[in-house]
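Good morning, and thank you for the time. I should like to take the group through one structure, with attention to its charged pairs, its strands and its empty space. Please have the model open as I speak.

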Amino acid sequence: AEAWDMLNTGHPGFDINVVPVWKYYTTGSSDVTVAVVDGGIDLTHEDLSWSCATAGNFNFVDNNNAIYPQSHGTHVAGTIAAAGNNSKGMAGVAGGNYAAGKRGVTLLSCQIFKTVTNYGQSYDKTGDIPAAIKWGADHGAVISQNSWGYNYDSNGDGVLTGSELQTALRASVTSSDKVAIDYFIKYAGCDNDGNQLPDSPMKGGLVVFAAGNDGIANSAPANYSEVIAVGAIN
């Protein structure tokens with residue numbers, strides 16, 4: 001199936017131009033572990049299980065190893081590493097080539113959101129975010145993927161206006177999240193002495209944040225200068 005963000009034949013230039021990378025460079029490497037700091041990944045999903053880590057996944061909402069699948073975390077995981085060339089679903093950016101037996105990146109679920117229902121109302125319960133970011137570095141990840149940001153929509157109307165907007169524009173990363181991000185950037189792929197592990201592809205890590213969905217000029221934590229902020233136009 002064609003995913004418009006990967007290959008957009010209807011609107012050329014609106015995709016991320018990943019097809020030439022697949023063809024001429026790489027479809028990903030299992031030596032690279034990506035910590036998905038988000039809702040839990042569906043570890044048994046037919047298009048994701050090939051890419052998921054078999055150990056080290058952790059649920060920071062319930063503080064155990066039982067990953068509770070959540071739609072957004074599973075969606076993010078698919079964008080990263082849904083298995084390529086397996087005649088199922090879609091192909092992630094670095095999902096490998098299933099038919100050729102070449103795995104893509106390894107997905108590590110660091111669950112910080114869990115959808116719960118109380119009195120008929122569903123909402124996302126949040127776990128320990130700094131601990132989840134640090135966990136990724138301590139369990140082999142060299143990329144920390146964060147498709148979340150701080151919420152300043154206090155009245156819940158879906159639009160940032162007035163004091164909400166001003167607060168959002170002035171926002172910056174919290175001190176605890178900053179410490180965890182800095183730790184990941186410095187120590188991912190390293191031993192306790194800060195030396196690169198022999199089986200790690202990198203010394204230190206990359207932390208990626210979504211720029212946000214509010215259409216504003218400034219968004220936290222994506223505005224922290226040490227992270228890679230990803231947004232979209234059109």
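In this predicted model, the side chains of Asp138 and Lys134 meet in a salt bridge, with 2.7 Å from N to O. Both residues belong to helix H3, which covers residues 129–138. They sit 4 residues apart, about one turn of the helix. As for solvent, Asp138 is partly exposed, because its relative accessibility of 39% lies between the 20% and 50% limits. Lys134 is likewise counted as partly exposed, with a relative accessible area of 35%.

Helix H5, residues 175–187, holds another such pair, Asp182 and Lys178, again 4 residues apart and about one turn of the helix. The closest N and O atoms of this salt bridge are 3.0 Å apart. Asp182 is partly exposed at 26%, and Lys178 is partly exposed at 35% relative accessibility.

How many salt bridges are there by this rule? The count comes to 3. The one still to be described joins Asp62 to Lys114, whose closest N and O atoms are 2.8 Å apart. Asp62 lies in the loop between strand S2 (58–59) and helix H2, whereas Lys114 is in strand S5 (residues 106–118), so this pair ties together parts that are 52 residues apart in sequence. Are its two partners buried or exposed? Asp62 is partly exposed, at 31% relative accessibility. Lys114, at 16%, counts as buried, because the limit for that class is under 20%. As general background, side chains of opposite charge can pair when their charged atoms come close.

Strand S5 leads us to the strand pairing. S5 pairs with S1 in the parallel sense over 7 bridges. Within that pairing, Gly39 stands opposite Phe113 of S5. S1 also pairs with S7, again parallel, over 3 bridges, and here Val36 is opposite Gln145 in S7. How much of S1 is buried? The answer is 7 of its 7 residues, so S1 is largely enclosed by the rest of the structure.

We can continue from S7. This strand is joined to S8 by 4 bridges, and the two run parallel. Gln145 appears once more, with Val208 in S8 as its bridge partner. S8 in turn pairs with S9 in the parallel sense over 3 bridges, and Phe209 stands opposite Ala229 in S9. Taken in order, then, S5 pairs with S1, S1 with S7, S7 with S8, and S8 with S9.

Several of these strands also border empty space. Which elements supply at least two residues each to the lining of the largest pocket? They are strand S1 (33–39), helix H2 (71–81), strand S7 (143–146), strand S8 (206–210) and strand S9 (228–230). H2 gives the largest share, 5 residues. The pocket holds about 1,800 Å³ of space and is lined by 45 residues. Nearest its centre lie Gln145, Ser147, Ala210, Ala211 and Val230. Gln145 is thus a residue we have already met, opposite Val36 and paired with Val208. By class, the lining of this pocket has 26 nonpolar, 14 polar and 5 charged residues.

The second largest pocket holds about 330 Å³ of space. It is lined by 22 residues, and those nearest its centre are Trp22, Gly84, Asn85, Met90 and Ala91. Helix H1 (19–24) and strand S3 (96–97) are the elements that give two or more residues to this lining. The residues there divide into 10 nonpolar, 10 polar and 2 charged.

I turn lastly to enclosed space. Rolling a probe the size of a water molecule over the atoms shows where empty space is left. The structure holds 1 cavity of 30 Å³ or more, and about 50 Å³ of space lies within it. Among the residues that line this cavity are Tyr150, Tyr152, Leu160, Asp214 and Ile216. Its lining divides into 7 nonpolar, 2 polar and 1 charged residue.

To close, I would return the group to Gln145: this residue of S7 stands opposite Val36, has Val208 in S8 as its bridge partner, and is one of the residues nearest the centre of the largest pocket. Thank you.

Conventions: Residues numbered from 1 in each chain as written. Predicted model: local features only at pLDDT ≥ 70, side-chain atom pairs only at ≥ 80, totals over all residues. Heavy atoms only, no water. 1 Å grid on protein atoms, 1.4 Å probe; cavity = no way out; pocket = protein on both sides within 12 Å on 5 of 7 lines; lining within 4 Å. Points joined across faces, edges and corners; volume = space filled by probe spheres on them. Nonpolar A, V, L, I, M, F, W, Y, C, P; charged D, E, K, R; others polar. Salt bridge = Lys/Arg side-chain N within 4 Å of Asp/Glu carboxyl O. Buried < 20%, exposed > 50% of the residue type's maximum accessible area, 1.4 Å probe, protein only. Pairing = 2+ DSSP bridges.
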